Amino acid sequence: MPTIVHLEDDPWIAREVGQACSKAGFRYIWLSEPPDTLVDTICSYKPDGVLSDINMPRTSGLVVVHALRSDPRTRSLPIMLYTTMQSDTVREQAFAAGATDFFTKYATSPEDVVAALVLLIAHHA
């Protein structure tokens, strides 16, 4: 069963994405806040993909992407950002940091985000 690690501070979004992941056959791991040992923690779940918010209380999803891309264990892992931020500048920053894909919350349903994850993971395999 493929595993998704989701970094998201909003429990409602996490619940909706978690339900969509379960329906799609994913094992869903929710981290409400990136831990201090971010890369080690994510690696411990052996994920097939990572989904992250950008705006979180203790860090940015852009920092998460950079940390994952900087570590050889997670360098090629599909990373999708799912955020309320809509500007072209943020989108450009996300891809420059190494995000594989980018979706805007409330404009893209959790089901559509999970469908995109399915494709990313299939392409990555």
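These legends accompany several close-up views of a predicted model.

**View 1. The whole chain, from one end to the other.** Let's start with the overall picture of this predicted structure. The protein chain holds 5 helices and 5 strands. Read from the N terminus, its elements follow the pattern β-α-β-α-β-α-β-α-β-α. The C-alpha trace spans about 30 × 30 × 25 Å along its principal axes. A compact globule of 125 residues would have a radius of gyration near 14 Å, and the protein chain, with 13 Å, agrees with that.

**View 2. The open sheet and its edges.** Here we turn to the 5 strands, which form an open sheet with parallel pairing. Their order across the sheet is S2-S1-S3-S4-S5. Why is one side of strand S2 (27-31) and of strand S5 (101-104) left without a neighbour in the sheet? Both strands stand at the edges and each has a single partner strand, so one side has no neighbour there. From one strand to the next, the twist averages 20 degrees.

**View 3. Strands S1 and S2 with helix H1.** At this end of the strand order, S1 and S2 pair in the parallel sense, with 5 bridges between them. If you would like a residue pair to look for, find Ile-4 and its bridge partner in S2, Tyr-28. Helix H1 (residues 11-23) joins S1 and S2 in a β-α-β unit, and this unit is right-handed.

**View 4. Strands S4 and S5 with helix H4.** Now for the pairing of strand S4 (residues 79-83) with S5: the two run parallel and are joined by 4 bridges. A handy landmark is Leu-81, whose bridge partner in S5 is Phe-102. Helix H4 (residues 88-97) packs on the sheet, where it touches S4 and S5. The direction of helix H4 makes about 150 degrees with that of S5.

**View 5. Helix H3 across three strands.** Which strands does helix H3 (residues 61-70) lie across? They are strand S1 (3-7), strand S3 (49-52) and S4. Relative to S4, helix H3 runs at about 175 degrees.

**View 6. Inside and outside.** Our last view looks at burial, contacts and surface. Of the 125 residues in the protein chain, 49% count as buried. Among contacts between residues at least 6 apart in sequence, 62% join residues at least 24 apart. On the outside, the protein chain exposes about 6,200 Å², and carbon and sulfur atoms supply 54% of this area.

Notes:
Residues are numbered from 1 along each chain as its sequence is written. This is a predicted model: local features need pLDDT of at least 70, side-chain atom pairs count only at pLDDT 80 or more; totals for chains, interfaces and linings use all residues. Side-chain values use heavy atoms; hydrogens and water are left out. Two strands pair if DSSP finds at least two bridges between them. Axes are lines fitted to C-alpha atoms, for helices over the stretch in contact, and angles run from 0 to 180 degrees between N-to-C directions. Contact means heavy atoms within 4.5 Å. The radius of gyration is taken over C-alpha atoms; the globule rule is 2.2 Å times the number of residues to the power 0.38. Buried means under 20% relative accessible area, exposed over 50%, partly exposed in between (1.4 Å probe, protein chains only). Accessible areas come from the Shrake-Rupley method with a 1.4 Å probe; for residues, only the protein chains shown count as cover. A crossover is right-handed if, with the strands pointing away from the viewer, the path from the first strand over the helix to the second runs clockwise.
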